[in-house]
Amino acid sequence: MERIIFRIDQDGNVTEEVQGVTDGTCIDITKEIEDTLGNINTRKFKPQFYQKQNVTFHQHQNETEG
């Protein structure tokens with residue numbers, strides 16, 4: 001499930017967190033909102049940002065042939 005969470009602190013700073021997406025699509029999802037809010041002070045990417053969609057990892061044990 002995709003969702004965006006906004007936190008507004010007492011100083012008026014807005015923190016935005018995107019959940020449920022991978023492969024950098026969070027930037028596309030939030031672009032219009034960020035343009036409306038104003039300047040971005042910092043941006044931190046979660047590990048999911050670097051994850052490609054539909055990637056499967058396989059782990060192979062070292063096997064010795066006898």
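This is a short selection-by-selection tour of a predicted model, moving from the strands to the salt bridges, the aromatic rings and a nonpolar patch.

**Stop 1: the hairpin**

Start by selecting β1 (3-8) and β2 (residues 14-19). The two strands run antiparallel, and six bridges join them. For a register check, pick Ile5 and look across to β2, where Glu17 stands opposite. Then move to the turn of this hairpin, where five residues lie between the strands. Select Gly12 there: its phi is positive, near 90°.

**Stop 2: salt bridges**

Keep Glu17 selected and add Lys46. Their side chains meet in a salt bridge, with N to O at 3.2 Å. Glu17 belongs to strand β2 whereas Lys46 sits in the loop between α1 and α2, so this contact ties together parts that are 29 residues apart in sequence. Lys46 is partly exposed, at 33% relative accessibility. Now add Arg7 to the selection: Arg7, Glu17 and Lys46 are linked in a network of salt bridges.

How many salt bridges does a search of the whole structure find? The search returns four. To visit another of them, go to helix α1 (25-37) and show Lys31 and Asp35. Their side chains form a salt bridge of 2.9 Å, N to O. Both residues lie in helix α1, four residues apart, which is about one turn of the helix. Lys31 is partly exposed, with a relative accessible area of 47%, while Asp35 counts as exposed at 53%.

Next, select Glu34 and Arg43. This is a salt bridge too, and its closest N and O atoms are 2.6 Å apart. Is Glu34 buried or exposed? Its relative accessible area is 12%, so Glu34 is buried. Its partner Arg43, at 39% relative accessibility, counts as partly exposed.

**Stop 3: the aromatic rings**

Hide the charged side chains and show the rings. Three aromatic pairs turn up in a search of the whole structure. Begin with Phe45 and Phe49: the ring centres are 3.8 Å apart and the planes meet at 20°, so this pair is stacked. The cut-off behind that label is planes under 30 degrees apart. Now add Tyr50, which pairs with Phe49 in an edge-to-face arrangement, 5.0 Å centre to centre with 85° between the planes. Together, ring pairs link Phe45, Phe49 and Tyr50 into a cluster.

Colour these three by accessibility if your viewer allows it. Phe45 is partly exposed at 33% relative accessibility, and Phe49 is partly exposed at 22%. Tyr50, at 59%, counts as exposed.

While Tyr50 is selected, note its place in helix α2 (residues 47-50). Then add Gly24 and display the C-alpha atoms of the two residues: they are separated by 6.8 Å, although Tyr50 and Gly24 are 26 residues apart along the chain.

**Stop 4: a nonpolar patch**

Finish with a surface view. Which residues make the nonpolar surface patch of about 460 Å²? Select Phe6, Ile8, Val14, Ile33 and Leu37 to see it. Both β1 and α1 supply at least two residues of the patch. Val14 takes you back to strand β2, where this residue is partly exposed at 40% relative accessibility.

Definitions and conventions: Residues are numbered from 1 along each chain as its sequence is written. This is a predicted model: local features need pLDDT of at least 70, side-chain atom pairs count only at pLDDT 80 or more; totals for chains, interfaces and linings use all residues. Side-chain values use heavy atoms; hydrogens and water are left out. Rings of Phe, Tyr and Trp (its six-membered ring) pair if their centres lie within 6.5 Å; planes under 30 degrees apart count as stacked, over 60 as edge-to-face and the rest as tilted. Buried means under 20% relative accessible area, exposed over 50%, partly exposed in between (1.4 Å probe, protein chains only). Patches are made of residues with over 30% relative accessible area and no salt bridge: like charges are joined within 9 Å, nonpolar side chains (Val, Leu, Ile, Met, Phe, Trp, Tyr) within 5 Å. Accessible areas come from the Shrake-Rupley method with a 1.4 Å probe; for residues, only the protein chains shown count as cover. Two strands pair if DSSP finds at least two bridges between them.
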